[in-house]
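Visitor: Hello! Could you show me around this structure?
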Amino acid sequence: MARPALVHFDLWDGNIFVKRDGDDWSFEAFIDGERAFYGDPLAELVSLRMVPEEEFPQVVDGFLGRPMTEREERRLTLYRMYIMLILVAECKVRGFDAEVEANQLKWATETLERDFTAFGLQGS
């Protein structure tokens, strides 16, 4: 990280508003900033990582202008682990119905297990 920045940490289509500007589109607003923090700009790629796997290299190129280094990949994994822990913790608070909660817990847990394994932190 070269310089801290305001990281939204929840960028996805539903949280970004754009408007028609002639024949083009322009940015209008972000919403849902409750997860925002001042820190490593690379963390912004966590929510952008949730695109189809084959599209992620283009996302990284658009964000960084180059492929990520191995060290950046490891940092991104740590940021993903952080958001997955938030997703597990927030299920009850957000009042999801049983099916949504079960799906979110399953997805977050599987992601955490994969990431822990990648770091050599798997349980016994």
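A few questions and answers about the core and the charged pairs follow.

Guide: Welcome! This is a predicted model, where local features need pLDDT of at least 70, side-chain atom pairs count only at pLDDT 80 or more, and totals for chains, interfaces and linings use all residues. Residues are numbered from 1 along each chain as its sequence is written, and side-chain values use heavy atoms, with hydrogens and water left out.

Visitor: Which helix supplies the largest share of the largest nonpolar core?
Guide: A nonpolar core is a set of buried Ala, Val, Leu, Ile, Met, Phe, Trp, Tyr and Cys residues joined through side-chain atoms within 4.5 Å. The largest one here has 17 residues. Helices, which are DSSP runs of H or I with at least four residues, numbered from the N terminus, include H1, H2, H3 and H4, each supplying at least two core residues. The largest share, 6 residues, comes from H3.

Visitor: Is Leu112 buried or exposed?
Guide: Buried means under 20% relative accessible area, exposed over 50%, and partly exposed in between (1.4 Å probe, protein chains only). Leu112, whose place is in helix H4, has a relative accessible area of 8%, so Leu112 is buried.

Visitor: Which residue forms a salt bridge with Asp115 at 2.8 Å?
Guide: A salt bridge is a side-chain nitrogen of Lys or Arg within 4 Å of a carboxyl oxygen of Asp or Glu, and the structure holds 10 of them. For Asp115, the closest N and O atoms of this pair are 2.8 Å apart, and the partner is Arg80.

Visitor: Which helices does that pair tie together?
Guide: The two residues are 35 apart in sequence. Asp115 lies in one helix and Arg80 in another, so the pair ties together H4 and H3.
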